[in-house]
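User: Let's go through how some helices pack in this model. Ready to have a look?

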Amino acid sequence: YTAMSGLLGVAYSDVPQFVLLLVGRVALAFVLVDAAGGMSAMLDTVETLRGPEFLRPFPLGSEPMYGKWTVEPKTLVALVAAGLFSIAGTRSAVVQRSLAARSEADAALGQVFNAVLTLAVRIVPLVVIGLSAIALVNDIDDPTLAWGQLVSDHAGPGLLGVLMVGLVAGYMSTIDTFLNFMTAGLFNDFYRRHLRPHANDREQLWFCRGATVAVTLVAYLWARVLVGHIDADWLNFINSVVGLFMLPLALLRWTWWRLNIWGEIVAFVGGVPLAYIVWFPLGFKDQPYWQAFTVLFVVGWGTIIAATLLTRAEDRSVLERFYRTVRPPGLWGPVADALESEIGETARREWRLDVCAAGAGLVFCVSLTTAVGAGFGRQWWLLAAMAVTLVASATAFYRFTLAADRLRRTVAAEDGAAS
């Protein structure tokens, strides 16, 4: 269905798939809380077994109660930095869906809605299930078997079926998203730009369908290669290491006019092999995460900048067109100077509004996460404070986003009238 329907089919199918996944989790969470004697009794048991500090919203990750999940301060800083740079670049699927929105305001509001689903709606049932595992099967020898034990002991035939369907739906939702945006990348960056720039709609459609099938086959074969080798080190590599060398691109694309295609190529071609060498042969997988982060991140900065400065800059007309469309902040001196009289003050006003909206959005996400932790930690004063902050930051984000969108619409209308 991904090959036949494209992005629209993926977006529409994601909704029932998410609902199926969520229904199973919520139902299991209710069953487990009831088995543990209710929410209050379950939290009391968790505090008895793990200590009263276990449920505090801001735990110190270096404490022994967290075992192998210990996070020392340097690693925490590295994880935060990796997350911030990843947000600057954004995942391709996020960009794809934002660009498909009716307007920039709709895209921004959609991402806030996604944050609510991700940081609260999806997470809360998982936290409840995790805490119930501590209360109900704390003595299990292998913690990785806790999920299966909970389901085996407490999920009846009907709920078990819903959980299985939800798991399949969750995998399908993830797979169709990645298949579609990888196909979109092949289509936009290779086929339509270089191979067949003048292809008609029918040719483009059949290329996308064929590319979706091809990507699926390659992914399947690669999965067959990895299926017997995936362990915790590989999961950490895929989720947290493989993109570290390329992270500087996330910021440089928007903030430095000099970055060119060669800097991008060097990062993409060298990123995965170098990350593999650092993580596995050099043994950084057995060291604190911040060490691998520092090596790959610093080398990535140096390599990307060197490759860019040693090659020719992008055509000025391309840079000016990008600057007119995006109006990015940062080191755009020559391009910004050339367009100062045209969009200088407008760009600065729009940038200020976008920064304020981004700041409000960041406060909203942090407040939402803290509110979830405060609720489970039964720190009601903190929960109330976060609730007020949530309302204030959401209101500010909405107003700044609409103001920026109105400014962009006004400029676009004036440009259209002038032309």
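Analyst: Sure, here come two helix pairs, one after the other. The model is predicted, so local features need pLDDT of at least 70 and side-chain atom pairs count only at pLDDT 80 or more, while totals for chains, interfaces and linings use all residues. Residues are numbered from 1 along each chain as its sequence is written, and side-chain values use heavy atoms, with hydrogens and water left out.

User: How are α2 and α6 oriented to each other?

Analyst: Helices here are DSSP runs (H or I, at least four residues), numbered from the N terminus. α2 covers residues 39–50 and α6 residues 123–137; their axes (lines fitted to C-alpha atoms over the stretch in contact) sit 9 Å apart, at about 60° on a scale from 0 to 180 degrees between N-to-C directions. Under 35 degrees would be roughly parallel, over 145 roughly antiparallel and 65 to 115 roughly perpendicular, the rest being oblique. The pair is therefore oblique.

User: Which α6 residues does α2 meet?

Analyst: Contact means heavy atoms within 4.5 Å. From α2 come M39, M42, L43, T45, V46, L49 and R50, and they meet V128, L131, S132, I134 and A135.

User: How do α11 and α13 sit relative to each other?

Analyst: α11 (residues 247–255) and α13 (residues 289–309) have axes that come within 8 Å and cross at roughly 40°. That makes the two oblique.

User: Which α13 residues does α11 touch?

Analyst: α11 brings L247, P248, L249, L251 and L252 to the contact. Across from them in α13 are F293, F297, G300, W301, I304 and I305.
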